[in-house]
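Hello,

Here is the structure I said I would pass on. My notes on the contents follow below it.

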Amino acid sequence: MLGRSMAIAVLEMHPLRGRRWQIDRGAVIGRGSSCEIRLDDPLVSRRHARVLGSGAGTGIEDLSSSNGVYVNGCRSRGVTPLHPGDVIQLGGTLWRVLDGGLSCAG
């Protein structure tokens, strides 16, 4: 199960193209003041999503947001694993995963 986080880097593609986010530990994403990652997006809920990680990799979980979490255009259900190149949509915000997603054993 994904619990404690490992680092993940994402690049914002919309609305602030080029902004980089480094998420070093499990983080809640949303508009609320208690969120570790705060987005100024009216389509993002106060507590929209959570990034989780383990030795196996990193995933994202929708926190029952109004507009959902999408990974590569598919609505996220439960914890969705993240890989480099994946596109995450939170409301009107789009991020591309740069690194820190699932690692390969071996």
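**Charged pairs, rings and the cavity**

D62 is buried, with a relative accessibility of 18%. Please keep in mind that this is a predicted model.

D62 is a convenient place to begin, since its side chain meets that of R75 in a salt bridge, with 4.0 Å from N to O. R75 belongs to strand 8 (residues 74-75) and D62 to strand 6, so this pair ties together parts that lie 13 residues apart in sequence. The two partners fall in separate classes of exposure: R75 is partly exposed, at a relative accessible area of 33%, whereas D62 is under the 20% limit and therefore counts as buried.

The total is 3 salt bridges. Another of them joins R50 to E61, where the closest N and O atoms are 3.3 Å apart. This pair also links distant parts of the chain, with R50 in strand 5 (residues 49-54), E61 in strand 6, and their positions 11 residues apart. Here both partners are partly exposed: R50 has a relative accessible area of 27%, and E61 has 21%. E61 is thus over the 20% limit for buried residues, which is why it is listed as partly exposed.

The remaining salt bridge is formed by R19 and E12, and the closest N and O atoms are 3.4 Å apart. R19 is partly exposed at 34% relative accessibility, while E12 is buried at 2%. In general, side chains of opposite charge can pair when their charged atoms come close.

**Aromatic rings**

How many aromatic pairs are there? The count is 1 aromatic pair. It consists of W21 and W95, whose ring centres are 5.9 Å apart and whose planes meet at 45 degrees, so the pair is classed as tilted. The angle lies between the limits of 30 degrees for stacked and 60 for edge-to-face, which is why neither of those labels applies.

W21 is in strand 2 (residues 20-23) and W95 in strand 11 (residues 93-99), so the pair, by the definition of strands used here, links distant parts of the chain, 74 residues apart. Both residues are buried: W21 has a relative accessible area of 14%, and W95 has 1%.

**Cavity**

W95 appears again in the lining of the largest cavity. The count of cavities of 30 Å³ or more is 1, and the largest holds about 30 Å³ of space. Along with W95, the lining is made up of I8, V10, I23, I29, V51, I60, L82 and I88.

What is the make-up of this lining in nonpolar, polar and charged residues? There are 9 nonpolar residues, with no polar and no charged ones.

**A loop residue**

The last item is S64, which sits in the loop between strand 6 (57-62) and strand 7 (69-71). Is S64 buried or exposed? S64 is exposed, at a relative accessible area of 74%, and the limit for that class is over 50%. The C-alpha atom of S64 is 8.9 Å from that of S45, and the two residues are 19 apart along the chain.

**Recap**

For quick reference, the main items are these:

- Salt bridges: R19 with E12, R50 with E61, and R75 with D62.
- Aromatic pair: W21 with W95, tilted.
- Largest cavity: about 30 Å³, with a lining of 9 nonpolar residues.
- Exposed loop residue: S64, between strand 6 and strand 7.

Regards

Technical notes
Residues numbered from 1 in each chain as written. Predicted model: local features only at pLDDT ≥ 70, side-chain atom pairs only at ≥ 80, totals over all residues. Heavy atoms only, no water. 1 Å grid on protein atoms, 1.4 Å probe; cavity = no way out; pocket = protein on both sides within 12 Å on 5 of 7 lines; lining within 4 Å. Points joined across faces, edges and corners; volume = space filled by probe spheres on them. Nonpolar A, V, L, I, M, F, W, Y, C, P; charged D, E, K, R; others polar. Phe/Tyr/Trp six-rings, centres within 6.5 Å; stacked < 30°, edge-to-face > 60°. Helix = DSSP H or I, 4+ residues; strand = E, 2+ residues; numbered from the N terminus. Buried < 20%, exposed > 50% of the residue type's maximum accessible area, 1.4 Å probe, protein only.
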